[in-house]
Structure formats: C-alpha cells, structure tokens
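These are my notes from looking through one structure. I wrote the entries in the order I looked things up.

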Amino acid sequence: TFAPYKDKDEALAWMYYIPGYIMIDTDYKEAASNIYKATKFNAPIKDSSLPYYLIASYYEDVYAKLSTDLKAKVAAKTISDADFKTANERINKAIELMMDGYARAFTRGEAEKNPNAAQWKDRLTQVYKFSKKTEEGLAEFIKFVVLSPMPDPAKF
C-alpha cells in the first residue's frame, strides 16, 4: 500500500516534489530538477500549474545571473568574441526554457482556474516579445510546447 497516496506514481511524485520545493532557497537547480522529476509520474502534480511555474522561475533566476555576468564581462572588456557568442547562446536557451515553463504553467493554470494564470501569460508574452521581437506566433508556441516533452532543468 502507498497510503496516504493513491498509488506508487503519486507517492514517488511527492517524494521528488516535496524536497524540491523545500530546496528552492538553497539549491534552485537541484530544486528545479526534483520538481521536474515529480512531473514525470502519472500523478496530480503532473497536471498542476505550480511545478511548471517554479521551473520557469528557476530559469528566470538563471537568465538574470547569466545576463549580469555577461554584462560585467562586456563592460570590463574581458570576454572574447567566441566566449561572448557562447554566453549569448546560453542566455537565449535560458529564455526559451523560461518560456516553456511559463507556457506550461499558464495552460495548466487556466485549466485549473488558478488566479495566477493571467499573470503567467502576461510574463510569457513579455518574454516572448523580448525574444522574438513580436507577439506573432505566441498561440502556436504555447500549443507546441504543451504537446512536446519538457526539457530536464538538470541538463541545462
């Protein structure tokens, strides 16, 4: 028996989600990885919006750090063109993954009537517009993301 959970999948999902949630303030990457693992099981967590928002928030944090580091290196003129290109590609990847998380959080939030769903869509729209220089294609992007597997934050 897996009481108080319905079955093994639900028990395992919570075994990843709880420590992931607790670790957010101390090790955000490990937290995001655990929260991601929790969404891989056939359990209610998979259909909840909060895990996806937390993962999007992790990528917000990653983006902020990468961007700040790159700006400092550019200002100090201590970065080569090749390193600049690599750093910029990593920043763009963080933005893509952030949009992925927000798209998932928004769609699930809308389905569960989460009051934060509109805020998540607004943030997704801001980031999408920043990245693509237009809002065109946003609806298609959301549909595509929701139907594709989510990338593992541990591999970023």
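Entry one: aromatic pairs. I worked on a predicted model. I counted the aromatic pairs and got 9. I then took up the pair of Tyr 53 and Trp 120, which is stacked, with 5.2 Å from centre to centre and 20° between the planes. I noted where the two residues sit: Tyr 53 is in helix 4 and Trp 120 is in helix 6, so this pair ties together parts that are 67 residues apart in sequence.

I asked myself whether Trp 120 is buried or exposed. Its relative accessibility is 5%, so I put Trp 120 down as buried. For Tyr 53 I found a relative accessible area of 26%, and I listed Tyr 53 as partly exposed. The cut-off for buried is under 20%, so Tyr 53 at 26% does not meet it.

Next I looked at Tyr 58 and Tyr 59, an aromatic pair that is tilted. I wrote down 5.0 Å centre to centre and 55° between the planes. Both of these residues are buried.

Entry two: the cluster. Which residues form one aromatic cluster with Tyr 58 and Tyr 59? I found Tyr 28 and Phe 156 there beside them. I also checked what lies over the ring of Phe 156, and the charged end of Arg 90 sits there, 4.2 Å from the ring centre. I found a charge over the ring of Phe 130 too: the charged end of Lys 133, 5.2 Å from the centre.

Entry three: Tyr 59. I left aside the neighbours within four places in sequence and listed what Tyr 59 is in contact with. My list holds Ala 94, Leu 97, Met 98, Pro 151, Asp 152, Pro 153 and Phe 156.

Entry four: the core. I looked up the largest nonpolar core and found 41 residues in it. Tyr 59 came up again, since I was looking for the residues with the most contacts inside this core, and these are Tyr 59, Met 99, Leu 124 and Phe 141. I then listed the elements that give two or more residues to the core: helix 1 (8-22), helix 2 (28-38), helix 4 (50-76), helix 5 (81-111), helix 6 (117-132) and helix 7 (138-147). Helix 5 gives the largest share, 10 residues.

Entry five: helix 5. I counted 31 residues in helix 5. From first C-alpha to last, helix 5 reaches 45 Å, close to the 45 Å expected at 1.5 Å a residue. I looked at what comes after helix 5 and noted Lys 113, whose phi is positive, near 60°.

Key: Residues are numbered from 1 along each chain as its sequence is written. This is a predicted model: local features need pLDDT of at least 70, side-chain atom pairs count only at pLDDT 80 or more; totals for chains, interfaces and linings use all residues. Side-chain values use heavy atoms; hydrogens and water are left out. A nonpolar core is a set of buried Ala, Val, Leu, Ile, Met, Phe, Trp, Tyr and Cys residues joined through side-chain atoms within 4.5 Å. Buried means under 20% relative accessible area, exposed over 50%, partly exposed in between (1.4 Å probe, protein chains only). Helices (H or I, at least four residues) and strands (E, at least two) are DSSP runs, numbered from the N terminus. Contact means heavy atoms within 4.5 Å. Rings of Phe, Tyr and Trp (its six-membered ring) pair if their centres lie within 6.5 Å; planes under 30 degrees apart count as stacked, over 60 as edge-to-face and the rest as tilted. A charge sits over a ring if NZ of Lys or CZ of Arg is within 6 Å of the ring centre and within 35 degrees of the ring normal. The expected span of a helix is 1.5 Å times one less than its number of residues.
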